[in-house]
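Trainee: I would like to learn how to read a structure of this kind, step by step. Could we look at the chain together?

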Amino acid sequence: MALAATPQPALAQQAPLRIAAAADLQPVLPPILEEFHQSTGIQAQATYQASAALTTQILNGAPFDLFLSADLSYPKRLIDAGVADTAGSPDSSTPIPYARGALVLWTRKDGHWPNPSLATLRDPALQRLAIANPDRAPYGRAAIAALTSLKLIDTLKPRFVTAENISQTAQFAETGNADAGLISLTSAKTAHLESIGSYFVIPGDLYPPIEQGAVIVSNSTQRQNAHKFLDFLLSPQIQQQLAKSGLTPVK
């Protein structure tokens, strides 16, 4: 009499790669994560918040594997604190740049300024200007720098409607809680915001470059998969995809 085969235990499903992602990536990253899964079989999940908030969470031991910041200073802070690194890259002491962001002025098409420009910022009728919190969001710092370069900071500061991150900044402008918003090009290029609004790209010489960098969280158990995702993000195909979404490729 043949013995029944002993059932083999199912292989435990690998936990997803956990990515802490700057809020400007929320319109950009989901299809890239899906393509990464299709290409490698590795699942990845992203949490989108202001870069400063994510930095604090990682410093406090939040279980992320990879941090995609909207600047270089926050991931460098994690490297200096010994909780993140870029081991395996040519220079493990600095974050890995993956893109460069752009700041735009966005307004509703049905509002007072259907075609925004720098003149919009000088218009006394502009009473509420949404910006991201400059203490927490790199795009907020860029907004302050641009307005300072334009010598408009003192005039416009009392009119700020300050958001926690760049996604909320776009929401304030979109819903009419602000007359206009200084937001990321990634937000402005979403289908919804393009359908109801218009944007003006703030000249890049008015603010320091928004260099966006990545680091691997040092206690991650998925370092190999994190490196695979970074290689994928820096591949020519995905860099071109970033360009279509409002980021300047680094490669």
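Mentor: What follows goes from the whole chain to two helices and then to backbone angles. This is a predicted model, in which local features need pLDDT of at least 70 and side-chain atom pairs count only at pLDDT 80 or more, while totals for chains, interfaces and linings use all residues. Residues are numbered from 1 along each chain as its sequence is written, and side-chain values use heavy atoms, with hydrogens and water left out.

Trainee: How many helices and strands are there in the chain?

Mentor: Helices (H or I, at least four residues) and strands (E, at least two) are DSSP runs, numbered from the N terminus. By that reading the chain has eleven helices and twelve strands, and its C-alpha trace spans about 90 × 40 × 30 Å along the principal axes.

Trainee: What share of the residues of the chain count as buried?

Mentor: A residue is buried under 20% relative accessible area, exposed over 50% and partly exposed in between, with a 1.4 Å probe and protein chains only. Here 50% of the 251 residues count as buried.

Trainee: Which residues of α1 are buried?

Mentor: They are Leu29, Ile32, Leu33 and Phe36. To see how such residues are arranged, one takes the arc of the directions from the helix axis to the C-beta atoms. Seen down the axis of α1, the buried residues fall within an arc of 100°, so they line one face of the helix. A contact means heavy atoms within 4.5 Å, and the elements that cover the buried residues of α1 include β1 (17–22), β2 (44–49) and α11 (236–244).

Trainee: Which residues are buried in helix α3?

Mentor: In α3, residues 73–80, the buried ones are Tyr74, Pro75, Leu78 and Ile79. Their arc around the axis is only 150°, which puts them on the same side of α3. Among the elements that cover these residues of α3 are α2 (51–59), β4 (84–85) and β11 (210–217).

Trainee: Where does the backbone take a positive phi just after these helices?

Mentor: Most residues other than glycine have a negative phi. Just after α1, glycine 41 has a positive phi of about 80°, and just after α3, glycine 82 also takes a positive phi of about 80°. Lysine 151 has a positive phi of about 60° although it is not a glycine.

Trainee: Where is lysine 151 placed, and is lysine 151 buried or exposed?

Mentor: Lysine 151 sits in the loop between α5 (138–149) and α6 (153–156), and it is exposed, with a relative accessible area of 72%.
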